[in-house]
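Here is a short guided tour for anyone who likes to look at a fold piece by piece. Please keep the viewer open while you read.

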Amino acid sequence: MTAFSLEPAQLAWCAELRALAAERLHPLADKGEPGHVNRALVAELGSLGLLGRLFTSGALDLCLMRESLAYACTEAETALALQGLGAHPVHAYGTEAQRARWLPRVTAGTAIAAFALSEPGAGSDAAALELRAEAETAAQDDRAPAATAPAADRVLPADPAPTGATASAVGPASTADPASAVGPASTADPAPPADPAPTGATAPTAATPLTAAPDGPARWRLTGEKCWISNAPEADFYTVFARTTPGAGARGVTAFLVPADRPGLTGRALDMLSPHPIGALDFDAVPVTAGDVLGEVDRGFRVAMGTLNLFRPSVGAFAVGMAQAALDATLAHTAGRDAFGGKLRDLQAVSHQVAEMALRTEAARLMVHAAASAYDADAPDVPRRSAMAKLLATETAQYVVDTAVQLHGARALQRGHLLEHLYREVRAPRIYEGASEVQRGIIAKELYARQEAP
């Protein structure tokens, strides 16, 4: 790939986005309630036309949006990213009826989307999903009607919420499904290695894997659980991945579009580190039909991988935005802080750390841009580049923010300080949408596959 640089128009757009985030989005973010969807913020993203760009722009534009918003308002960045992650499968794999029903509301910011992949026992190993899709003969009882009209033909209330769902906790800092599984899209439905679930995430002690069993011709009942789902339990619809063929690994998973008011679907909040909603979903024989399938039956893993390969580099962009904010704050602090008869920046130990922060941030940004450009060019090495971009950028952001805190001292850990906020936000991206260990596995697998190719 050739050397990469942004055009003047792109640089101007990024500056405009940073200004909009600071002036119009940050005040709305401050008024939001931690642990709940900030619908006013999402609506403003819609009115600014940013949500619509999720479905009309390429991967590079998505990265530029996410980095620019993250620099000035991480809450706005997260709200935008979650709308894209949850609704992209509808845009890319949905039927005309599914797209017509949901995408206008997503782009307007009046419907909240969520991407429901992770399970208590299947985080990084997405091919091990066990949410069941059961046959009517096996699952039918008096909890839900045996005959359910196709989803596309039913009229559901606007902005539904899961029955009995509550939200009072806080969740991880960005785009959904911590420890979500991801594997290379260039191989045939691979099953990536597992990694540990996020520490501190409290999952139910008696978790039920989610499966989908046939409920008559072209009908299923979803039974089981999803966990660590961003925007749950307050989303209006979920892209849900469930097992339709037992024992088939990645080849037996189907993606379903499930409105939040389906009978048998409930949710609860989880108490996590960062301030956006994240929760668990319980499926008690939830009815779905062929009209709810995204893509093809038993080919849902392709839907998940296609979505994650697009969004992975932009997780890196989110991380770069946070790293740049921490770097700029550190430059200002060390230039103005008196210490040892001079300024902090006059100490070689300090100035060298600042230089290292800048070096790593710029390297991560370039790798993110290269990966996004490869995706837009439909290059064959997208999985490897996406994994590299996410891995380098998220690990870099962790280093930069941590170093910034060290150079600021105790003031950086006061509640309300920019770096205190970033310190909480920066940890989760190393876990969700494929933990760092998973990214290393993808990179190695792709490298060896290329070496062995004739």
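This report covers the pocket, a helix, the nonpolar cores and the strands of a predicted model.

## The largest pocket

Let us begin with the open space. The largest pocket has a volume of about 600 Å³. It is lined by 36 residues, and those closest to its centre are Ala-29, Glu-75, Pro-275, His-421 and Glu-425.

Several helices take part in this lining. At least two residues each come from helix H1 (8-31), helix H2 (39-47), helix H4 (59-72), helix H5 (74-93) and helix H11 (418-425). By residue class, the lining holds 17 nonpolar, 12 polar and seven charged residues.

## Helix H10

Next, have a look at helix H10, which takes in residues 382-408. From the first C-alpha to the last, its 27 residues reach 38 Å, close to the 39 Å expected at 1.5 Å a residue. H10 is also mostly covered, with 21 of its 27 residues buried. After the helix comes Gly-409, which has a positive phi, near 80 degrees.

## Two nonpolar cores

Which residues touch the most other members of the largest nonpolar core? They are Leu-222, Tyr-238, Val-240, Phe-241, Phe-256 and Phe-283, in a core of 111 residues. Helix H8 (residues 300-336) gives this core its largest share, 17 residues. Another core lies apart from it and has six residues, including Cys-227, Trp-228, Leu-270 and Ala-280.

## Strands S1 and S5

In a regular strand, side chains alternate between the two faces of the sheet. You can follow this in strand S1 (residues 113-116), where Ala-113 and Phe-115 point one way while Ala-114 and Ala-116 point the other. All four of these residues are buried.

S1 runs parallel to strand S5 (residues 237-243), and four bridges join the two. Within S5, Tyr-238 is the bridge partner of Ala-114. Tyr-238 has already appeared above, among the residues that touch the most other members of the largest nonpolar core.

## Strand S8 and its partners

Strand S8 (residues 278-289) is mostly covered, as 10 of its 12 residues are buried. Strand S4 (residues 219-230) runs antiparallel to S8 and is joined to it by 10 bridges. One residue to look for here is Arg-221, whose bridge partner in S8 is Pro-287.

S8 is also joined to strand S7 (residues 265-269), this time by five bridges, and this pair is antiparallel. There, Gly-279 of S8 stands opposite Ala-269.

Notes
Residues numbered from 1 in each chain as written. Predicted model: local features only at pLDDT ≥ 70, side-chain atom pairs only at ≥ 80, totals over all residues. Heavy atoms only, no water. 1 Å grid on protein atoms, 1.4 Å probe; cavity = no way out; pocket = protein on both sides within 12 Å on 5 of 7 lines; lining within 4 Å. Points joined across faces, edges and corners; volume = space filled by probe spheres on them. Nonpolar A, V, L, I, M, F, W, Y, C, P; charged D, E, K, R; others polar. Expected span 1.5 Å × (residues − 1). Buried < 20%, exposed > 50% of the residue type's maximum accessible area, 1.4 Å probe, protein only. Core = buried A, V, L, I, M, F, W, Y, C linked by side-chain atoms within 4.5 Å. Pairing = 2+ DSSP bridges.
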